[in-house]
Amino acid sequence: MNRKAVVREFCFAVLFLLLAVLLIGLTSTALRPVRTNYGAVWGPYLGEPEDSLDYLWLGSSYAYCDVNPAVIYDETGLTGYVLAGPEQTLSQTYWYLRQALETQRPSAVVLEASALHFAKYQNYTQVNVGYLPAGLNKLGAVFTASEPELRTGLLFDLYFYHSRWKTATFGELRSALAPPLADQCKGYTAVDGVFDAIGDGPFLRDVQEEAVYRANLEDLGRIASLCADRGIPLAVVFHPTYSQLPSQVREAIRADVADLDAHIRFFDWSEEVEAAGLEPSLHFYDPGHLNRAGAALFSAWLGDFLTGEMGLVPRPQTGENAAAWAETVRFWQEGGPAVTE
Amino acid sequence: MSFLSPGFFLFFPLVTLFYFLLPQRARNLWLLVSSWYFYLCAGAGSFLFLLCALTLTYAGARFLEGQSGRARRRVLTLLLLLLFGTLFLFKYLGFALSMLERLLSAAGLSFTSPALELILPAGISFYLFMAAGYLIDVYRGNRPAERSFLLFALFLSFFPYLLSGPIGRADTLLPQFREPHRFSYDGFRSGLLRFLWGAFKKLVIADRLGMLVTTVYAAPDQFGRLQVIAAAAAFSIQIYCDFSAYSDMALGCAQVLGFRLMENFRTPYFSRSIGEFWRRWHISLSSWFRDYLYIPLGGSRRGRMRTYANLLIVFAVSGLWHGSALAFVAWGLLNGLYQVIGGLTADLRTRVRGRLGLTEDGRLTVLLQVGITFLLSTVAWVFFKGGSFTHALFIFQNMFTGPWLTHPVTAWGLDRPELVVAFFTILLLLAVDLASLRVDLWTGFLRLPRPLRWALALSLTLAVLICGIYGTGYDPQDFIYFKF
């Protein structure tokens, strides 16, 4: 083969590889179920106009079940997004925040911090890390915040989802391949129903052993450093809940967070159920999560917190985005999505 | 490390890249280090055993070469006893003791065989047979003992065939390790395509059919007789796809690196007799038994009865090679018996064909013979897969008793979409195997127009990735022949 032919074949080989990667990428995207609720909703997040969000609310299911940004917007005009995942650990949250800050520059980051007493790995790494957009942050999450046995699947979506060829409908495939669009949930998931045995509470949550807690605290430190580097105020909060960490544990957390970074603001609302306007027998889906009505009340209360305590002021929005948020408010005022039990 | 493990997809490109980047004199050392790393993934114990086996064989062959007459024979016997004795210890001692226990119990004597916890080193049956073949070649004066330990170690440990063959021969492999290998783009592409085709056969066909076979064979009395018969036929295809897939991947890897390994399969299910089937199935093992057991036993040179006896011995041993259980011996013997009966009835069958007006090589005759050969081998595979002699008989019993079908028909390990995929991929396999009778698929592929070539390669890749049986929630199936 002469030199010219070698170069030509090399170019074709590269082209073939690119085509193969493109096809595999498209197939992976098509077969991975579209995620619209219960956290890790990166598609709609990426559909938000750049630098349009006033705040980001991070955490686990306690965040995405309790905070409805549409209600906060209606109360205050603040735009925000709940970027949380089920049982999301703080090591995963760190990578979430890094990724989130690539398209948004929020005026505040609020972290629901129950994950300080989560285990190193919880049960939903496949969802939390798997749905991160492809890139260095995802790689970081795969190798530092995921169980080793899940890494193959996290790096290669088809490993988890290839057998969906049997069940996926054409519509599902098409919507998986569609470009991301902002939705009206803004990361919030409404759950309906009340917890009948709430009268037996409040209940105490399990506390992790010291080493696990210290590792989680280190991850919180990384989150705080990232916020500090970007000049974004960070608030660490515990929502009003009937699944509480013991009060002395929460006090220890308050002290540890203050030691970590004096600029982190800490708010423990664990026992402020009534103060937030919540009626335990009506507003808890289970001891840890608020139902739709509870989340609406709590979110309105949070609006005051964000504008008052945190001093946030709504940033200017384009007419198009303001209309989209107004539509979101209307959507929720008319009842929101179908009942989720 | 399996060819289909994520680690291998990192290992193999790196091995290939550095192999061609390194200067010629360092390449064999690189291949040896890589092969040993590949084998170390099977466990340090296995690796130490490989080291012992190759050191013994290397030194033994050097010593053997210097001997003559009876001493030469005694040295060979000792070396073979050491090799096969170790194989016996790891693979057959438990079986032998359990047989002894059964025999003594039948005679009214009490003996409980101890529970042995020996772990069979991966690939032991393959590389010990290579070592034994090499020693016999040296003993016969067919080849000199290898002077270079590096080359000899590589001959026995080369990763493409180390775990499951093909069982290579020194006369074809050792010279290749001495030759310089320049990168061949055609060899690279053909090798990768062959690897991909192997992955397709294993992940898309074999493992899919495996789910059906495992479900039905686990409780054959829960299924209709047609389903049990279909499962038996499915296993015939499964084991062919599984083992020939491994061989394709081994040959493909070797081809990428510029090496030629012995072909292990030549469309065996197109054979017109069981004898021919064994000349086209696991060729490296069949030819090993031919050269190192059947011919030394006298082959076909000592009369008809002795020929048949030799055949039965060879196939019984071949059965034992596959596994230490009576069912494997039965499987081997049955294959031998088919050939004995075939030999005894050859004239009769010729006369019957004549009466029926079937010409010797007519299309209908060939079709009938191929069908009957498939049927006979399928019957034998029931013993192979059955796990035990009694369970195999239970499977046969359920082919002839009970309802024809149980409902729902799809509740047998494969649902409807899976069955559709299985059906069409088997059709594709048939088409490719038929085409391989006429053209060399791997070089023929390179002559296709580029768009067609790309379309085929990309379709095959996507078929493996989408329809392959792998990934989460699935217990990855080892290659069936890994066990041996």
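1. In this predicted model, 22 residues of domain 1 of chain B are in contact with 21 residues of domain 2 of chain B. The domain assignment behind this statement places domain 1 at residues 6-183 of chain B and domain 2 at residues 187-467, and the centres of these two domains, taken over C-alpha atoms, are 26 Å apart.

2. On the side of domain 1 of chain B that touches domain 2 of chain B, the elements that give two or more residues are helix 1 (6-21), helix 4 (69-106), helix 5 (124-140), helix 7 (159-162) and helix 8 (170-178) of chain B. As for the character of that side of domain 1, its residues divide into eleven nonpolar, ten polar and one charged.

3. Turning to chain A, the secondary structure comes to 15 helices and seven strands, and the C-alpha trace of chain A spans about 80 × 45 × 40 Å along its principal axes.

4. The radius of gyration of chain A is 21 Å, which agrees with the value near 20 Å that a compact globule of 341 residues would have. Of the 341 residues in chain A, 42% are buried.

5. Where contacts in chain A join residues with a separation of 6 or more, 84% of them are accounted for by residues 24 or more positions apart. A reader following the chain A sequence beside the model may wish to keep that share of contacts, 84%, in mind, together with the 15 helices and seven strands of chain A.

Terms used:
Residues numbered from 1 in each chain as written. Chains lettered and ligands numbered in written order. Predicted model: local features only at pLDDT ≥ 70, side-chain atom pairs only at ≥ 80, totals over all residues. Helix = DSSP H or I, 4+ residues; strand = E, 2+ residues; numbered from the N terminus. Rg over C-alpha atoms; globule rule 2.2 N^0.38 Å. Buried ≥ 20, exposed ≤ 12 C-beta atoms within 10 Å, placed from the backbone. Contact = placed C-beta atoms within 7 Å. Domains from an automatic or database assignment. Nonpolar A, V, L, I, M, F, W, Y, C, P; charged D, E, K, R; others polar.
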